2 protein chains.
Amino acid sequence: MSAAKLLLVEDDPSLSELLEFRFKNEGYDVRATSDGDEALMLAAEDVPDLIILDWMIEGTSGIEVCRQLRRAKDTAHVPIIMLTAREAEDDRIRGLDTGADDYLTKPFSPRELLARVSAVMRRVRPALAGETIELGDIKLDPVAHRVERRGRTLQLGPTEYRLLKFFMESPGRVFSRGQLLDGVWGTESDIELRTVDVHIRRLRKAITVDDAKDPIRTVRSAGYSIEST
Amino acid sequence: MSAAKLLLVEDDPSLSELLEFRFKNEGYDVRATSDGDEALMLAAEDVPDLIILDWMIEGTSGIEVCRQLRRAKDTAHVPIIMLTAREAEDDRIRGLDTGADDYLTKPFSPRELLARVSAVMRRVRPALAGETIELGDIKLDPVAHRVERRGRTLQLGPTEYRLLKFFMESPGRVFSRGQLLDGVWGTESDIELRTVDVHIRRLRKAITVDDAKDPIRTVRSAGYSIEST
DNA sequence: CCGGGATGTTACAGTTTCACGACAATCGTC
DNA sequence: GACGATTGTCGTGAAACTGTAACATCCCGG
């Protein structure tokens, strides 16, 4: 099992402790800090899957943390849930403008926050519930970073792994080369569309076992997908 | 590529970027700009399926953009969702008067906007919302880019697929050859009218299964349609 | 029954798209 | 710094797809 990594940035010790306990109880891998600068460091050194960010914190302010997270390449697309003081209408506006994914107004019930977190996790990374994805005879364990097919461990390069995982997170769905570049390489990559073909080919080669049928479907003039069955 | 095309007009870079990312993540084909005049150009050159328009933008004002979009023939009935500052009751009224389809008051959660967009898309073109269209014994899944008939997967070429999808989005409606060229090939294609016949022929051949009856109806001296039953 | 316009069908040449192999640049590790 | 693994690009050839013309057939009003 393996858990989705949360970064909790909250400077009220009692609230922070409570939430940390609750989340760990739910099986999340939680790191907590009360300081904005430390939060940025932690996020940079081990990119979390979701960040819960209090508006009023020590060190760099919440909004500034948010902005810097968005600016850094690694964390640009990590979902952020902001915690704001109630009635602080302006904060909500600025928070969302700054790139937060969602916000919660204090006081809130921990259960509500848990629900939001779980909703975000489901949306962003269906696979990242920490469970291995299984598709036909292929098993992908995102935690161990390992892929098996018919009991045999496949030898995948980094890009091939990310590409396969991306496909397996949305079985059956057809992605254009552009979408694949965005999703697997990152939005700001500047790569030839045709290069995707080459990696598809490498992935196909790498997941070939015995006489098993190629699960990757080419959709002419549209893109690629992985067979959902 | 058959994703729904969104045009995002928003001049706050961070909000724009966030929304663009979220929408692309949902499979939409997004173009974004912060400038009103540029928005009009983009809309004219490749008509989007939905426009998200901030009230307060550079260049031509939001309301003016809205008006001009409505005035132009191509974009006259493209749905528009307006983003307005909070509490600006007057703006909301004027916005709707001007032809906006829906509006959202800042601050809003990105999730809320996604829900609205998806609702509008479902209403306008179900296939573009990612829903499968079913017509008689034919099932078309736009996400998987796959068409089935009586459980069998049909083998369609790119043009045949687009043609069939176009028909299935408006069951029963008769399209002239010119309308088909515009809708399936694009407005700037310069193709013989009679070429449509050939593709109709190819489509008919491709969707033939067993003794199933041909759902494509020829309307003499008018065009073609797909049987709504 | 006939004529003429409209549609169906076929063949084909030109174009587009994709799989594959090769190669140089880069990265990471020892 | 050296070595192997990984990565992005390009060229080639095969296969799929496309638009057009030519001919066959159908439909409808006289």
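How do the residues of the surface near DNA strand D divide into nonpolar, polar and charged? They split into eight nonpolar, seven polar and seven charged. Keep in mind that this is a predicted model. Below is a quick tour of the DNA contacts, one aromatic cluster and two helices.

**Around DNA strand D**

- There are 22 residues around DNA strand D, and the ones that come nearest are A:T159, A:R202, B:T159, B:H199 and B:R202.
- Four helices each put at least two residues into the surface near the strand: helix 6 (158–169) and helix 8 (194–206) from chain A, plus helix 6 (158–169) and helix 8 (195–206) from chain B.
- If you look at the atoms of DNA strand D within 4 Å of the protein, 63% are sugar or phosphate, and the rest belong to bases.
- On the phosphate side, a side-chain N or O atom of A:H199 sits 2.6 Å from a phosphate oxygen of DNA strand D.
- A:W185 also has a side-chain N or O atom 3.2 Å from a phosphate oxygen of the strand.
- For a base contact, check B:R220: one of its polar side-chain atoms is 3.5 Å from a base oxygen of DNA strand D.

**Aromatic rings**

- Counting over all chains, the structure has six aromatic pairs.
- In A:F166 and A:F175 the ring centres are 4.7 Å apart and the planes meet at 50°; since angles from 30 to 60 degrees count as tilted, this pair is tilted.
- Both of these Phe residues, A:F166 and A:F175, are buried.
- Add A:F167 to A:F166 and A:F175 and you've got one aromatic cluster.

**Helix 8 of chain A**

- This helix runs for 13 residues and spans 19 Å from first C-alpha to last, close to the 18 Å expected at 1.5 Å a residue.
- Its buried residues include A:V196, A:H199, A:I200, A:L203 and A:A206.
- Those residues take up an arc of only 125° around the axis, so they end up on the same side of helix 8 of chain A.
- The general logic is simple: an α-helix has 3.6 residues a turn, so residues three or four places apart point the same way.
- Over on the other side of the helix, A:R194 and A:K205 are exposed.
- A:H199 turns up twice here: it is buried in this helix, and its side chain has the 2.6 Å phosphate contact.

**Helix 2 of chain B**

- In this helix (residues 36–45), B:G36, B:A39, B:L40, B:L42 and B:A43 are buried.
- Viewed down the axis, the buried residues fit within an arc of 165°, so they line one face of helix 2 of chain B.
- Turned away from that buried side is the face with the exposed residues B:M41, B:A44 and B:E45.

Conventions. Residues are numbered from 1 along each chain as its sequence is written. Chains are lettered from A and ligands numbered from 1 in the order in which they are written. This is a predicted model: local features need pLDDT of at least 70, side-chain atom pairs count only at pLDDT 80 or more; totals for chains, interfaces and linings use all residues. Side-chain values use heavy atoms; hydrogens and water are left out. A residue is near a molecule or strand if one of its heavy atoms lies within 4 Å of it. A polar contact is a pair of N or O atoms within 3.5 Å; within protein, one must be able to donate a hydrogen and the other to accept it, and residues adjacent in sequence count only if both atoms are side-chain atoms. Ala, Val, Leu, Ile, Met, Phe, Trp, Tyr, Cys and Pro count as nonpolar, Asp, Glu, Lys and Arg as charged, and the others, Gly among them, as polar. Rings of Phe, Tyr and Trp (its six-membered ring) pair if their centres lie within 6.5 Å; planes under 30 degrees apart count as stacked, over 60 as edge-to-face and the rest as tilted. Buried means under 20% relative accessible area, exposed over 50%, partly exposed in between (1.4 Å probe, protein chains only). The expected span of a helix is 1.5 Å times one less than its number of residues. The arc is that of the directions from the helix axis to the C-beta atoms.
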